[in-house]
Amino acid sequence: MRSEWRTTGGADDAARIEARRAVRTGLGVAIATSAYGVSFGALAVASGLSVWQACVLSLVMFTGGSQFAFVGVIAAGGLAAAPAAIASAALLGVRNVAYGMRMAPVVGTSLWRRVAAMPFTIDESTAVSLAQTSGRARTLGFWVTGIGIYLGWNLTTFAGALLGDVLGDPKAYGLDAAAAAAFLALLWPRLRRRQAIAVGVAAAVVAAATTPTLMPGLPVLVAALVAIVVGWFNWLGAKDGAAPAEPDDVAEREGLP
């Protein structure tokens, strides 16, 4: 009886520790990613949008890549390029549909929870959540990261739109690398097996090769096909269903979501 109590208590302690770690990770990623919102605010105003238009775009659209694609096309072609800007932003936003399907079991089955989770289902919240192993830690990771980035991104968008001319080029502060560095930190622990490494390298090569020639948004989707093909045929993966055990900090088989 005492042994059973100790086992249960140990499991509860481990779950609490992981939950706290998920919260810390989510807050850290939120701070790092939100910093780049300054760059978006400054770029949006420089592209011809007003301060309030830049802020509304972050409030309503809230997918960093789509927002940058939108203002980038507007900057190049003016209002006449609005249809192309919308198309580019929509293509980049398609990836969130896949995230939504993957995060549905974490968010819950009730309609109101899924509706509430829609704005926060982004790259970073999905990555932080899937990096956890327990259900509570995954849920906390998702909500803390998503809500934290939403609040921080909108605040820094406002600051960047107001102070863009004063701040100068955001790249001078390294803000252009903040979001990428945070996401890489989440991805790195999952690259422990040949299949995961191969997918990462191949997807990066495909994205880099197609970016100069394809409409913004398409390179991301084309690169995602790499993971689908590798997973479908299980190239470089475990054979005959004999999958090795995952490390503690990797929640999915073969280190892939």
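The following questions and answers introduce a predicted model and several of its residues.

Residues are numbered from 1 along each chain as its sequence is written, and side-chain values use heavy atoms, with hydrogens and water left out. In this predicted model, local features need pLDDT of at least 70 and side-chain atom pairs count only at pLDDT 80 or more, while totals for chains, interfaces and linings use all residues.

User: Which helix gives the most residues to the largest nonpolar core?

Analyst: A nonpolar core is a set of buried Ala, Val, Leu, Ile, Met, Phe, Trp, Tyr and Cys residues joined through side-chain atoms within 4.5 Å; buried means under 20% relative accessible area, with a 1.4 Å probe and protein chains only. The largest such core has 28 residues. Helices are DSSP runs of H or I with at least four residues, numbered from the N terminus. Among those supplying at least two residues each are α1 (2-34) and α2 (37-46), but the most, six residues, come from α9.

User: Is T121 buried or exposed?

Analyst: T121 lies in the loop between α7 (111-117) and α8 (123-130). Leaving aside residues up to four places away in sequence, T121 touches N96, Y99, G100, M103, T126 and F142, where contact means heavy atoms within 4.5 Å. With a relative accessible area of 8%, T121 is buried.

User: What is the phi of F62?

Analyst: Most residues other than glycine have a negative phi. F62, in the loop between α3 (51-60) and α4 (64-77), is buried at 5% relative accessible area. Although F62 is not a glycine, its phi is positive, at about 45°.

Methods. Buried means under 20% relative accessible area, exposed over 50%, partly exposed in between (1.4 Å probe, protein chains only).
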